[in-house]
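The following exchange examines how the descriptive terms applied to a protein model are justified. Each reply sets a computed value against the criterion that it has to meet.

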Amino acid sequence: MSNKLSFAAKEAIVELTGACFWYWNAYYSFLDSCGVSKQLQRRHSGEGFSKYQSMRGILGDLETSNRFDIINEIASNFYKMRTAVNKDALDTAKAERLLSEFRELLGSDPIDLEIERRGREAAKAAHQGRIATAGLKRSKLDELNRSFMALLTNANVTPQQRGFEFERIFFDLLELSEIECRRPFRNISNEQIDGHFRYEKFDYLVEVKWTSELTKQPDLSIFDGKIRGKVQSTRGFFLSQSGFDDSAIVKFSGDSPRIVLMSGEDIALILGGQILIEDAMKAKIDAIVRHGTIFFPLRTMAT
C-alpha cells in the first residue's frame with residue numbers, strides 16, 4: 001500500500017489547487033493526468049464548488065476508498081510543478097512560494113519514495129525466497145547424503161541394487177542443482193538408453209559403476225569408444241564409487257580427452273556439502289581443458 005500523506009500535506013494540496021489553477025479546464029486536465037476518474041471529478045465540480053472545495057472533496061473520497069496511489073500521484077505532480085499553470089490570471093510569486101514550501105514539507109517526491117519502497121520490498125521478498133530455496137535444497141541434499149551413506153553401510157543390498165541406487169542419487173543431485181538431464185531408460189524395443197546431462201553447451205553421457213575394485217582401463221576403453229561414436233559436442237562422465245586405476249587415468253588423459261571422471265570420494269564431498277557441484281564441475285572441466293587430465297580429485301579443493 002502507498003504511504004498516506006499527512007493532514008498538513010493534504011491541506012497544502014488544497015491551497016495549491018487555488019494558487020496554481022484559475023481555469024477549470026486546466027484543473028480537470030491536471031486531475032486526468034493524476035488518474036482521477038471523470039465520475040469523481042463530476043461529483044466535486046459545478047455550481048457552488050470552488051477548486052479548493054473540489055480538491056478537498058476528491059482527496060476525501062480517494063482516502064475513503066483507499067486510493068492512496070492516486071493521492072500520491074496528485075502530490076507528486078504538485079511536487080514537480082515550479083509555478084502556476086495559469087500564469088496570466090494568478091499570483092505566480094505566491095504559487096511558487098507555496099510550491100517551494102510544499103516540496104520542503106514532503107522532502108521527497110512521494111512517487112519516487114513509493115518506487116523505492118516497492119523496490120526494497122521486492123528485494124526483501126527475493127532474499128527471503130532465496131533463503132527458503134537454499135534451505136529446501138540443503139534439506140534435499142542431506143537426504144541424498146543419507147541415502148548414499150546407507151549404501152556404504154547396508155550389507156543387505158546387492159551390487160546391482162547399489163549401482164541403480166547410486167545412479168538415482170547422482171541424477172537426483174543433478175536435478176537438485178538445476179542441471180538439465182535425462183535419466184537412463186529402456187525404449188519400447190527394450191533397448192537401454194543412456195542417461196545424460198547438459199553442462200556448458202556439452203552433452204555428457206553418464207556411466208555409473210559401484211564395484212569393490214577400482215575401475216580399470218577396459219571399462220574406460222568401452223566407454224570412450226561409445227563417446228567417440230557421438231558428435232564432437234558429446235563428452236562422457238564416468239562415476240565410479242571405488243575410484244579409478246592410475247594407469248587407466250593416464251591412458252585416457254592427454255590430447256583431446258572426452259571423458260570426465262568422478263569418484264565416490266568426490267561425490268561424498270558434494271553430498272556432504274563441502275563442495276558445490278557447480279564448483280566441482282568447473283574444476284573437473286578446467287582440468288581437462290587446461291591440462292588434459294580426466295581425473296581431478298576434489299579433495300584438493302576441500303583441504
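Q: Which residue of β6 is the bridge partner of Asp203?

A: The model under discussion is a predicted one. In it, Asp203 has Thr234 of β6 as its bridge partner.

Q: What makes β5 and β6 a pair of strands, and in which sense do they run, parallel or antiparallel?

A: Pairing requires at least two bridges between the strands. Strand β5 (residues 202–209) is joined to β6 by seven bridges, and the two run parallel. The criterion for pairing is therefore met.

Q: What makes β6 and β7 a pair?

A: The requirement is again at least two bridges. Strand β7 (residues 259–263) and β6 share five bridges, in the parallel sense. Among the partners, Leu239 is matched with Met262 of β7, and Ser240 with Ser263 of β7.

Q: Which helices carry the chain between these strands, and what is the handedness of the β-α-β units?

A: Helix α9 (residues 217–228) forms a right-handed β-α-β unit together with β5 and β6. From β6 the chain then passes through helix α10 (residues 246–252) to β7, again in a right-handed β-α-β crossover. The term right-handed is used because the path from the first strand over the helix to the second runs clockwise when the strands point away from the viewer.

Q: Why is β6 called largely enclosed?

A: A residue counts as buried under 20% relative accessible area. Seven of the seven residues of β6 (residues 234–240) are buried, so the strand is largely enclosed by the rest of the structure. Both of its faces are covered: Thr234, Gly236, Phe238 and Ser240 are buried on one side, and Arg235, Phe237 and Leu239 are buried on the other.

Q: What is the strand order of the open sheet, and which strands are its edges?

A: The five strands of the open sheet follow the order β1-β4-β5-β6-β7, and their pairing is mixed. The edge strands are β1 (181–182) and β7, since each pairs on one side only.

Q: Which helix packs on the sheet, and which strands does it touch?

A: Helix α12 (residues 277–291) packs on the sheet and touches β4 (196–199), β5, β6 and β7. The direction of α12 makes about 135° with that of β7. Helix α11 (residues 264–271) lies across β6 and β7, at about 70° to β7.

Q: What makes α11 mostly covered?

A: Six of the eight residues of α11 are buried. These are Gly264, Asp266, Ile267, Leu269, Ile270 and Leu271. The buried residues of α11 pack against α7 (110–153), α8, β6, β7, α12 and α13 (299–302). Just after α11, Gly273 adopts a positive phi of about 80°.

Q: Why are Glu200 and Lys201 called exposed?

A: Exposed means over 50% relative accessible area. Glu200 has 54% and is therefore exposed; Lys201 has 72% and is likewise exposed. Glu200 lies in the loop between β4 and β5, as does Lys201. Neither residue is a glycine, yet Glu200 has a positive phi of about 50° and Lys201 a positive phi of about 70°.

Q: Why is Gln161 called partly exposed?

A: The partly exposed class lies between the cut-offs of 20% and 50%. Gln161 has a relative accessibility of 42%, so it counts as partly exposed. Gln161 belongs to helix α8 (residues 159–176). The C-alpha atoms of Gln161 and Trp210 are 9.3 Å apart, although the two residues are separated by 49 residues in sequence.

Q: How many helices and strands does the protein chain contain, and how do you know that the chain is more spread out than a compact globule?

A: The protein chain has 13 helices and seven strands. Its radius of gyration is 35 Å, whereas the globule rule gives 19 Å for 303 residues; the value is well over that expectation, so the chain is more spread out than a compact globule. The C-alpha trace spans about 100 × 45 × 45 Å along its principal axes.

Q: What share of the residues in the protein chain is buried?

A: Buried residues account for 42% of the 303 residues. The accessible surface of the chain is about 16800 Å², and carbon and sulfur atoms contribute 51% of it.

Technical notes
Residues numbered from 1 in each chain as written. Predicted model: local features only at pLDDT ≥ 70, side-chain atom pairs only at ≥ 80, totals over all residues. Heavy atoms only, no water. Buried < 20%, exposed > 50% of the residue type's maximum accessible area, 1.4 Å probe, protein only. Helix = DSSP H or I, 4+ residues; strand = E, 2+ residues; numbered from the N terminus. Rg over C-alpha atoms; globule rule 2.2 N^0.38 Å. Areas by Shrake-Rupley, 256 points an atom, 1.4 Å probe, with all protein chains shown as cover. Contact = heavy atoms within 4.5 Å. Axes fitted to C-alpha atoms, helices over the stretch in contact; angles between N-to-C directions.
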